[in-house]
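Student: I have just opened this protein for the first time. Could you walk me through it and explain how each label is earned?

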Amino acid sequence: MLTPMEIKERAIETKVGETFQISFWEDRTLGYAWYPTYDSTAFDFIEDDYQRTIQTHTADSGKRVFGFLALKSGSYKIQFEKKIGWKFTVADRVIYQIQVKES
């Protein structure tokens with residue numbers, strides 16, 4: 001029997017005009033990658049960086065950093081899904097509740 005995936009929620013507070021980063025551990029050896037979904041009227045996607053921390057002949061793992069710029073005040077969600085490139089199913093899901101205040 002399959003069990004439902006646990007959805008993790010986290011919170012971030014920021015101000016209009018400020019940038020913030022969200023990072024995840026990513027194991028590229030297994031083909032996993034994180035993909036964000038967000039309101040493009042509320043945030044500019046300004047950074048997608050991969051910092052390799054483990055590299056051998058058989059492994060490639062590291063930290064994936066996503067950067068955003070807050071454009072307008074309000075309460076928003078940024079959803080991240082971890083998927084294997086050749087599959088359509090989601091292996092993990094994390095939702096960030098972003099509270100953006102006026103600067």
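Tutor: Gladly, and let's start with charged pairs. This is a predicted model, and eight salt bridges are counted in it.

Student: What makes D92 and K8 a salt bridge?

Tutor: The cut-off is 4 Å between a side-chain nitrogen of Lys or Arg and a carboxyl oxygen of Asp or Glu. The N to O distance for D92 and K8 is 2.7 Å, so the pair meets the rule. D92 belongs to strand β7 and K8 to strand β1, so this salt bridge ties together parts that are 84 residues apart in sequence.

Student: Why is D92 called buried, and K8 partly exposed?

Tutor: Buried means under 20% relative accessible area, exposed means over 50%, and partly exposed is in between. D92 has 15%, so it counts as buried. K8 has 27%, so it falls in the partly exposed range.

Student: Which salt bridge does D48 form?

Tutor: D48 forms one with R64, and their closest N and O atoms are 2.7 Å apart. This pair links distant parts of the chain, with D48 in strand β4 and R64 in strand β5, 16 residues apart. R64 is buried because its relative accessible area of 10% is under 20%. D48, at 43%, is therefore partly exposed.

Student: How do you know that D60 counts as buried while its partner R52 does not?

Tutor: The side chains of D60 and R52 meet in a salt bridge at 2.7 Å, N to O. D60 has 19% relative accessibility, which is under 20%, so the label is buried. R52 has 41%, so the label is partly exposed. Elsewhere, salt bridges that share partners join E26, R28, D48 and R64 into one network.

Student: What surrounds E26 in the structure?

Tutor: E26 lies in strand β2. Leaving aside its neighbours within four places in sequence, E26 is in contact with Y32, A33, W34, Y50, D60, S61, G62 and R64. With a relative accessible area of 2%, E26 is under the 20% limit and is therefore buried.

Student: What makes the meeting of E26 and R64 a polar contact?

Tutor: The limit for such a pair of N or O atoms is 3.5 Å. The side chains of E26 and R64 make their polar contact at 2.9 Å, which is why the distance fits the rule. The side chain of E26 also reaches the backbone nitrogen of W34 at 3.0 Å.

Student: How do you know that S61 is buried?

Tutor: Its relative accessible area is 6%, so S61 is under the 20% limit. S61 is in strand β5, and its side chain makes a polar contact with the side chain of D27 at 3.2 Å. Not counting residues up to four places away in sequence, S61 touches W25, E26, D27, Y50, R52, T53 and I54.

Student: Which residues have the most contacts inside the largest nonpolar core?

Tutor: They are F43, F80 and Y96, in a core of 17 residues. Strands β2, β5, β6 and β7 each supply at least two residues of this core, and the largest share, four residues, comes from β7. In soluble globular proteins, nonpolar side chains tend to be buried together. Beyond its neighbours within four places in sequence, Y96 is in contact with residues including I12, I22, F24 and F80.

Student: Why are β6 and β7 said to pair?

Tutor: Two strands pair if there are at least two bridges between them. Ten bridges join β6 to β7, so the rule is met, and these strands run antiparallel. F80 stands opposite V94 in β7, and the two strands form a hairpin with five residues between them. Strand β3 also pairs with β6 in the antiparallel sense, over six bridges, and there the partner of Y32 is I84.

Student: What does the whole protein look like in numbers?

Tutor: The secondary structure comes to zero helices and seven strands. The C-alpha trace spans about 45 × 35 × 20 Å along its principal axes, and 32% of the 103 residues count as buried. Among contacts between residues at least 6 apart in sequence, 68% join residues at least 24 apart.

Note on methods. Residues numbered from 1 in each chain as written. Predicted model: local features only at pLDDT ≥ 70, side-chain atom pairs only at ≥ 80, totals over all residues. Heavy atoms only, no water. Core = buried A, V, L, I, M, F, W, Y, C linked by side-chain atoms within 4.5 Å. Buried < 20%, exposed > 50% of the residue type's maximum accessible area, 1.4 Å probe, protein only. Contact = heavy atoms within 4.5 Å. Polar contact = N/O pair within 3.5 Å; in protein donor to acceptor, adjacent residues only side chain to side chain.
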